[in-house]
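Student: Could you walk me through this one slowly?
Tutor: Gladly; here it is, and then ask whatever you like.
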There are 4 protein chains.
Amino acid sequence: MAGISKILENNKQWVATKNAEDPQFFKNLANGQKPKYLFIGCSDSRVPASGITGTGPGEMFVHRNIANLVVHSDMNLLSVLQYAVEVLGVQDILVVGHYGCGGVAAAAANKQYGLIDNWLVNIRDVIRLHEAEYLRIKDDGQRARRLVELNVMEQVRNLAKTNIIQNAMRGDNPPRLHGLVYDIADGVLKDLDVHGDDMMADMEHIYATEAVTKAPDKDASSYEGPKHDPAKELVAEKKGAVEKK
Amino acid sequence: MAGISKILENNKQWVATKNAEDPQFFKNLANGQKPKYLFIGCSDSRVPASGITGTGPGEMFVHRNIANLVVHSDMNLLSVLQYAVEVLGVQDILVVGHYGCGGVAAAAANKQYGLIDNWLVNIRDVIRLHEAEYLRIKDDGQRARRLVELNVMEQVRNLAKTNIIQNAMRGDNPPRLHGLVYDIADGVLKDLDVHGDDMMADMEHIYATEAVTKAPDKDASSYEGPKHDPAKELVAEKKGAVEKK
Amino acid sequence: MAGISKILENNKQWVATKNAEDPQFFKNLANGQKPKYLFIGCSDSRVPASGITGTGPGEMFVHRNIANLVVHSDMNLLSVLQYAVEVLGVQDILVVGHYGCGGVAAAAANKQYGLIDNWLVNIRDVIRLHEAEYLRIKDDGQRARRLVELNVMEQVRNLAKTNIIQNAMRGDNPPRLHGLVYDIADGVLKDLDVHGDDMMADMEHIYATEAVTKAPDKDASSYEGPKHDPAKELVAEKKGAVEKK
Amino acid sequence: MAGISKILENNKQWVATKNAEDPQFFKNLANGQKPKYLFIGCSDSRVPASGITGTGPGEMFVHRNIANLVVHSDMNLLSVLQYAVEVLGVQDILVVGHYGCGGVAAAAANKQYGLIDNWLVNIRDVIRLHEAEYLRIKDDGQRARRLVELNVMEQVRNLAKTNIIQNAMRGDNPPRLHGLVYDIADGVLKDLDVHGDDMMADMEHIYATEAVTKAPDKDASSYEGPKHDPAKELVAEKKGAVEKK
C-alpha cells in the first residue's frame, strides 16, 4: 500500500486510537481552538511540531516554511502572525530552527537549487550580519550548527520588527517571543534564551515605532482563550440574521 | 508551569518516550530526510499534520498557512513546492483543508480582521468561481462545509497551474496531487478524489504550458529518496575541498 | 556613447531645458509631493506614465509591474496602495493596460518563460473567468485586445476587494477607481468606463466587508493635498526634539 | 475639469504633439519594444522615469515601488527582473533613489503609517548595516541624504544576490548594475558609481552561487534587441497553427 491509501489507512487507526483513549477527544476539539502558542518552524519532515513540543490538538497554531524564515514583507507569514496575535491572542511565539537544516546548509554553500535560491538569500544575509563570529569557527559541523542558531535569533528579531508585534507589546497581554533549536540527533529542544526585547535592546533606536492603534481595552490579566472565533461569529451572525427576520 | 517551560518539559518527556520505544529512533533520523509526501495544510491548532496522517518523522514535508492557500505568486509557498518537488522529489502532494476553518468562515462573512483580510480574498475568489453551487445550498452549516471543499479543490488546481508542477509532470516520477478534508469533529480525513489532471481537464487550453526544461534524465521507476540533500552535499563539498589541499 | 553615460548626458539636457522653461521648476518640486493620481501600469518600455497622461512631476504616484497586475496578497503593491490612499490621500486610481502587452500575450499562449510564468498565471485566471466571451472572438488580434481589457477590468476589481479601498470608500474623500487601456499604435488612452462600484455591483455579497476602522474625521469637502508628508514630519520631529532640549 | 477627464484631455494633446513632431512615432512603437535599460525607481510622483533619464518610449523597462526596494523574495520585482534580463535582454539595470524620499524618511523616524511599516523595515535594515557611518553624521539633512544613498547601494547589492543576475553575469552579454540618486531640488541624476561586482567584492564568499543553467548560446557581441517578444511569438504561433491545418 502506498501513496494516499496509506495515509487514509493511517488516519483510520489514529482516529480509533484517539477515541479509545478519550471518547470526548474530538467532541472537545470541535468547540473551537484556543491556542496559546504560535510555532514558526521549518518544513523539514523531521520536525513534527506537535511531537517535539508535546502539544495536543488545539494548543498550538503553526506556520512552517523552508528554514523557518520570518520575512517582514511576506504576506503569507504576516497573515499568520496577525491572525495569531490579534485575533487568537496567542501568548508565546516560538521560532524553532533545527540542526541539520537543508535550507541552512544550502545557504552556507555555493550551489544553486532553483527558485528557492532567492528565498535562501535571507540566510546568507544572516551570515553577512554575523560574519566575524561565523568565520572564526573552524570546525565545519560547529559552524553549520551556529548558523542554525544565528538564523533563529535573526528571525526572532524580524518578528520584533513588525508593527504587529510592536503594537501587541503595548497591549495588556503582550506575547513573549522565543528562539529555540531542535536537535534531530537526540530530539532535544533547546531554548536559546533570546527574546524580542533582548534581541532589540541595542536596536530600539532603529526599529521601534510609535503605536498609532490604541492598546486593546481588554483588562484581563490572564489568558482566557481567543479574542475572536470567526467560525462561531459566522454562525452567530447567521442566527442573528435569521432572528431579525 | 506555563509558557515555554511547559514546552521544554513536554519535550523531555517526548524524548524519553521515543528512546524507550526505539533506541535507534533519533540516530536514524539524523541520517537525512526522505519524505515521500508534501502536506499543505492550515495553521489551525487542531490540524496536527503528523497525527492525522499517521506519518512519523522523516516522512512528510510540511507547509502550513492560514486556510491552506496555494497562491501562485507567493514565494514562501513556491519555495516549499520547488524544493519538495525538484530537490526532494516527493511523490504525493496533499492539500488538506478542514471543516470549521476560521479563515474560511471569515471569508464567508463580511467582518474585517485586519491585514489578513487581503490574504482571505483568495477564498472569496473561490466563492465567486462557484457562486451558483454555493448559493444553492440553503443550510448554513452545509454551505460552510462545501466552501471548505471548494477551497481545497481550487488550491489543488492552483498547484497544477505552476510551472513547477507542470514540468515535474513530464518527468519520470510525476508527483500526484490530492485534495483532502479533515473533520475536526471526528478526526476523519476524507479524500475529495480530485487530482491535478482531473481538475485541469477542462482548463488545459488555458493553463497548460510547454516545458522548456528537459525531463529529468533519471530513469528510476520507483521512489528511492531525495535527489539532493544539501546538508550532506555541504559536508561532501567541504571534505572534497580538504582532500584537494 | 552608450549605457549609463548616455543616461547622464540626457539628464543634463533635461535639467537645462526645464530650467530654461521655468526657473522655479525644481524649487517648487522640492516642497513636497501632492499627487492626486495613483497610476498602476505595465513595466513595458512603451508606456511612459507621465507622457501618456500629460501629468508633470508631483502629480502622479506610480507603480509599474509586469502586465499591471493587482495581486491582493502582494506586499509590494499593497504598500504602494496603502501609502497612496491613506497617507497621500490620492483621489483617482488608474489601472492602465496597453494593447500589445507582452505579458498578456505570454499568458494567452502556452510557452514557458521562467519564474515569470507563475506571476502570469494571474492573467490565465482572467481568461478562465471570462472564457465564453474570450473564446467567442474568432479574430486572433481582436481576442488578444479583449484580453488586455478584461485584465484591466479584473485588476480594478482586485483593488476594490482590498480592505484598503473598502475602508477608504467610507471616508470623506473616497478615491475613484478607473480602468484604462493605452494603444501603443496611436497613443490614445481609452477609458473603459469601469469603476470600483460598477465592477463590484453584482459581487457585493461576496466581497464587501464591514469597516472596523472609523472613517477619517477630516471633513474637508475638496482635495487639499496629502494628509502626511513623512519627509517633512521627520524634519519637524527633529526640530521638536531639539527645542525640547 | 478634474480627475480622469483631465487625464484624457492631456492625452489627446500629447498624441497631437507627438504626431506633429514625428508622424511615424506611434507606427514605430507598435513594432515591439527593444529596451536596453531596466529602471527600478520610487513611486514618488516627482521622479518621472522617462523625463529624468531622457529616454523615449521603447527604451526603458520600468518597475516602481515605494523607496525603490529590491526585496529578493518579492515575486513582483523578481518577475520584472527575470523578464527584463532573460527575455528582453536589457543591458543596464538602474536602481534610482531620490533625496527627499518619503519612504526613507518614514523609516528614519519612529512613527507608524500602517501596512507599509513592514515594507519599510527593509530600509531600517539598511540603517542597521551601516549604523556607525549613519550615526556619525550630525546634520539631520545630511544624514537623511546619506540614507537615501546607502539604500540605493544595498538595493544594487540585493540585485546581485539573485540567481537571475548571477546567472546572467556568466552569459555573453552580462547586464551592468548601477546605483543612482536623483535630486528633486535640481533635477540632477548622480551616479553613485557602485556596481554589482564592486558591491559584492568583499561578499563573494557569502553570496556567490554556481550556475546550474548553461550560459546562453548566443554569441552576439553587441546588443541587437530582445531575445523574445511574446506578442510576436503569439502571432507567429497562431499563424503556424493555421498553416498546419
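Tutor: What follows is a short chat about a contact between two chains and about two residues in loops.

Tutor: This is a predicted model, where local features need pLDDT of at least 70, side-chain atom pairs count only at pLDDT 80 or more, and totals for chains, interfaces and linings use all residues. Residues are numbered from 1 along each chain as its sequence is written, while chains are lettered from A and ligands numbered from 1 in the order in which they are written.

Student: How many residues does the contact take from chain B and from chain A?
Tutor: It takes 80 residues from chain B and 80 residues from chain A, where two residues are in contact if their C-beta atoms, placed from the backbone, lie within 7 Å.

Student: What turn lays chain B on chain A?
Tutor: A turn of 180° with a shift of 0.0 Å along the axis does it, giving an RMSD of 0.0 Å, with copies superposed by least squares on the C-alpha atoms of residues with pLDDT of at least 70 in both. The two copies are therefore related as by a two-fold rotation axis.

Student: Which C-alpha of chain B is nearest the axis?
Tutor: That of B:Arg64, which is 2.7 Å from the axis.

Student: New topic: is A:Ala67 buried or exposed?
Tutor: A:Ala67 is buried, with 29 other C-beta atoms within 10 Å; buried means 20 or more such atoms, exposed 12 or fewer, and partly exposed in between, with C-beta atoms placed from the backbone. A:Ala67 also has a positive phi of about 70°, although it is not a glycine.

Student: And what about C:Asp193?
Tutor: C:Asp193 counts as exposed, with 10 C-beta neighbours inside 10 Å, and has a positive phi of about 60° although it is not a glycine.
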